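Colleague: Could you take me through this one? I would like to hear what stands behind each term.

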Amino acid sequence: MSAITAAPQNAADILDNMLSPECIQNPYPIYKQLRELGLVFGLRDFPPGTVPGVDTPFPAWVVTRYNDVDFVLKNADLFSSEDPMQANSSAPSLMLVNHDRPRHTSLRNLAKAAFTPKRIHDDIVDRLRDDVAGIIGGIQGKEVDYMEAVAGVIPALVMTYLFGLPREDYKKLVNWANAFMVSSDFTPEQRLACNEELFHYFVNKVELRDRAIANGEEVPDDLMSAFIRAECDGDVLTKDEVVLFCITLVVAGAETTTYFLGNLMGVLLEDKSWFDKLKQDRSLIRPFMEECLRRDGPPQRLFRVVKEDCEIAGQPIKAGEWIAFFMAAANHDEGMFPEPEKFIINRPNISRHLTFGRGIHHCLGAPLARVEGEILLNTLLDTCAGIGGSLDDSRRQSGGLLAYGFASLPVRLLTEAEA
């Protein structure tokens, strides 16, 4: 990680630095300064789907301490997820992410009816293992950009499984997700075009599937069909809501899991002894992934709108003001996780990391991300003799502060002959 050497002298300087490429690539020194200050007001940043250079961000309170971020997450009725900035932008609204109770409750119940363990685990595991084995086998002994050849492929392929999409469309999904999540270098025109293409792609796919179901045709029992057919206490999803659920899962799942898979490899390159440790004891894989999620978790922050006057850590906040709360900063709070910059597996309180959120907005896709990580790591350990490469040759993404991850990560997956 590259460090920011010149520490800002006041809160305004810190907030100005937060959106710099250097901070986006390594935000943790800035988070430490902000935790020491408490709540700071004035960050102007962009929710998913909005377009820098087109949309105008609102100033927000920045929340970085663990207990304060936890308080925001636990009080969903006080801090609204209904994002007026995104609602007024050209971006499709995200399902669940941008809803409050009571509608959030009914939508989550409908999503659970569709998002069954069978569909998100059993129906894809064998297919995913085969594809990951093919991907890894095809690049062994070669120098490749791991983000392009592996981490950027697997989550998008999983989305094609889940929604019954043509396999070759995974490349489109990667591009659209990157543009939507404001974490890669796109022009405003490119972001707008990607948002429009993504929306119309799923409008067409959902219309065709809905028509086939209405005509009594046999259709795949995938997530798209499940969302169309979902029913809970007489409630169903409209076609527009099905489209938005598809978009939500693609942009949230493909982007963040790509960075998660990349960050797992980053830890293996940072300390190459981990490869042999994991290879010899596979029970270490789960705690290894959890510590990576805590220390290097891709999701950095979310926004909320305050519904009524309140206080956070003694700081008065007025109704209508914005909160930008940083799960990644909370995961590095020394008061919760001692020596937070160190990679220490089996931390006694690792289950308390906030990477996937908490409460009613806990990420539905968290089990799926863990499955993808576990299958990838096991495949690497089963088929490779080691990993070659250096973090000195890598580059973290610097397009936006929504996600922490690699833009480029050169590696060489070693064969037995090379080890």
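Colleague: Why is the radius of gyration said to agree with a compact globule?

Modeller: This is a predicted model, where local features need pLDDT of at least 70 and side-chain atom pairs pLDDT 80 or more, while totals for chains, interfaces and linings use all residues. Residues are numbered from 1 along each chain as its sequence is written, and side-chain values use heavy atoms, without hydrogens and water. The rule, over C-alpha atoms, is 2.2 Å times the number of residues to the power 0.38. For 419 residues that gives a value near 22 Å, and the protein has 21 Å, so the two agree. The C-alpha trace spans about 60 × 55 × 40 Å along its principal axes.

Colleague: What makes a residue buried, and what percentage of the 419 residues count as such?

Modeller: Buried means under 20% relative accessible area, with a 1.4 Å probe and protein chains only. By that cut-off, 57% of the 419 residues count as buried.

Colleague: What makes a set of residues a nonpolar core?

Modeller: Its members are buried Ala, Val, Leu, Ile, Met, Phe, Trp, Tyr and Cys residues joined through side-chain atoms within 4.5 Å. The largest such core has 98 residues, and Phe163, Phe202, Phe227 and Met265 have the most contacts inside it. Helix α13 (residues 239–270) gives the largest share, 17 residues. A second, separate core has 24 residues, including Leu15 and Phe326.

Colleague: Which residues does Phe202 contact beyond its neighbours within four places in sequence?

Modeller: Contact means heavy atoms within 4.5 Å. Among the partners of Phe202 are Leu165, Leu173, Val243 and Val250.

Technical notes
Buried < 20%, exposed > 50% of the residue type's maximum accessible area, 1.4 Å probe, protein only. Helix = DSSP H or I, 4+ residues; strand = E, 2+ residues; numbered from the N terminus.
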